[in-house]
Amino acid sequence: LDAGDLAGAATWFARALTGMDQDRASRAEGPIVALAECVLPLDTVEAFARTGLGDVPARTLFQYAWLRRTAAEVGFERACDAVSGVASREPDGAIAAAWRGRHEARPPTGLSSGVLVLAADDRLLAEEDCDDVEGVLSASSSLLASELAEARDRCVRPYAYKPEDRLNPDRDPARLDPNQLRAQFRAWETLAELERRASRAGGLLHGDLLYKQAAVFYHDRAVLHPCYAWQTFDFGARISSLDADPESAISRPSASAAFARTSFAWVRAAELFERIEREHPDYPEMDKVVFSGAMCWKRLADYRPSRATDWLAGTKPSHSYSSNRTTMHCARRAVARFDRVAREFPSSPLADDSERAAAWWRRLRGDWLDESETAGR
């Protein structure tokens, strides 16, 4: 790390994570996830992921990080193509099993949003029945059923408890939550199709397809969130090494900021709602568009994903709620949009809620709200 050889550091951590005796494994887990998900260039992660089985320790971790980051940073269509390729080349893996089982997951919430209703037989709404999800997954997966149950509790085994396991550790210890992985792949495929349809559409249909994309992000914050089994909703803690030591080569605020911008679902939803405001100012449900954008920023202000960064302010992260500049920025944007709904759509059923929400934030954190910044937004 001191020499700036990040790929070499990732290799070292992978070996430490899977090495005999497991004496370094618990200290390697956090840094290797941080490197794979936030720091290493995407093509480097892809190179680790594509290497033949057995040549790279902890390869499934690199493989999933490559696929997830492709979805977040490149696009959903490219990511689905990449997942399909992995499933074809390695049909016995957990990723292949989840890809085959993606239609056993429910369609993403949000497809009923907007003013245009999808046809009842639209393939985006198709759902396959599955009475025994774990049975289907384990039948075609190299993971045993007992390992699938264990996957719900941990992402990577930090160390082996039994002496025989310490001397013969798992070379590929990453664990992905199979249920969430299926749902995530289903959401990626849905978003890719919505994007394709939007690229061919115009007018109201284009705006409505943007709205449905935004609604998918709005209702499911795990669309792009890493689904390592035990850290699904606590990824910030896993990348704490990014922010812990400002002198360390792994401390890259810009990398963790990029993760927040590309992978926080509410950020992606807010961007889409604001795109509708710009490109479709006559959208019939503009009050809902502005209100939903306000709710995205409000949720980000409440969520306060500490350690994942001050991704908007570009400053050193603060672990104090009252002084976190990103939280303040999100609150300002939320209040500005609540004000817009109350002012521009007084007859909307959302106007009263918006007015109360803005008043509540002003009472709670009036010192955060610079009126010169929120005015007119």
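# A tour of rings and helices

Start with the rings: this predicted model holds 11 aromatic pairs. Two rings of Phe, Tyr or Trp (taking the six-membered ring of Trp) count as a pair if their centres lie within 6.5 Å; planes under 30 degrees apart are called stacked, over 60 edge-to-face, and the rest tilted.

A word on the ground rules before you click. Because the model is predicted, local features need pLDDT of at least 70 and side-chain atom pairs count only at pLDDT 80 or more, while totals for chains, interfaces and linings use all residues. Residues are numbered from 1 along each chain as its sequence is written, and side-chain values use heavy atoms, with hydrogens and water left out.

**Stop 1: Trp99 and Phe185**

Select Trp99 and Phe185. Their ring centres are 5.9 Å apart and their planes sit at 70 degrees, so this pair is edge-to-face. Trp99 belongs to helix H6 (residues 94-100) and Phe185 to helix H10 (residues 178-200), so the pair ties together parts 86 residues apart in sequence. Helices here are DSSP runs of H or I with at least four residues, strands are runs of E with at least two, and both are numbered from the N terminus.

Are these two buried or exposed? Trp99 is buried, at 10% relative accessible area, and Phe185 is buried too, at 0%. (Buried means under 20% relative accessible area, exposed over 50%, and partly exposed in between, using a 1.4 Å probe and protein chains only.)

Now add Arg102: its charged end sits over the ring of Trp99, 3.8 Å from the centre. For that label, NZ of Lys or CZ of Arg has to be within 6 Å of the ring centre and within 35 degrees of the ring normal.

**Stop 2: Tyr218 and Phe273**

Next, pick Tyr218 and Phe273. This aromatic pair is edge-to-face, with 6.5 Å from centre to centre and 75 degrees between the planes. Tyr218 is in helix H11 (residues 203-219) and Phe273 in helix H15 (residues 265-279), so look for distant parts of the chain, 55 residues apart, being linked. Tyr218 counts as buried at 13% relative accessibility, and Phe273 is buried at 2%.

Add Tyr211 and Tyr283, and you'll see a cluster linked by ring pairs, with Tyr218 and Phe273 as its other members. Then bring in Arg299, which lies over the face of Tyr218 at 4.1 Å from the ring centre.

**Stop 3: Gly293**

From Phe273, hop over to Gly293 in helix H16 (residues 286-303). Which residues does Gly293 touch, leaving aside its neighbours within four places in sequence? Phe273 and Arg337, where contact means heavy atoms within 4.5 Å. Gly293 is buried, with 2% relative accessible area.

**Stop 4: H4 against H10**

Go back to H10 and show helix H4 (residues 59-74) with it: their axes come within 11 Å and cross at roughly 30 degrees. (Axes are lines fitted to C-alpha atoms, for helices over the stretch in contact, and angles run from 0 to 180 degrees between N-to-C directions.) On the H4 side, select Tyr64, Leu67, Arg68 and Ala71; on the H10 side, Leu181, Gln184 and Trp188.

**Stop 5: H17 against H18**

Finish with helix H17 (residues 325-344) and helix H18 (residues 351-365), which pack at an angle of about 145 degrees with their axes 8 Å apart. Residues to select include Val335 and Phe338 in H17, and Ala358 and Trp361 in H18.
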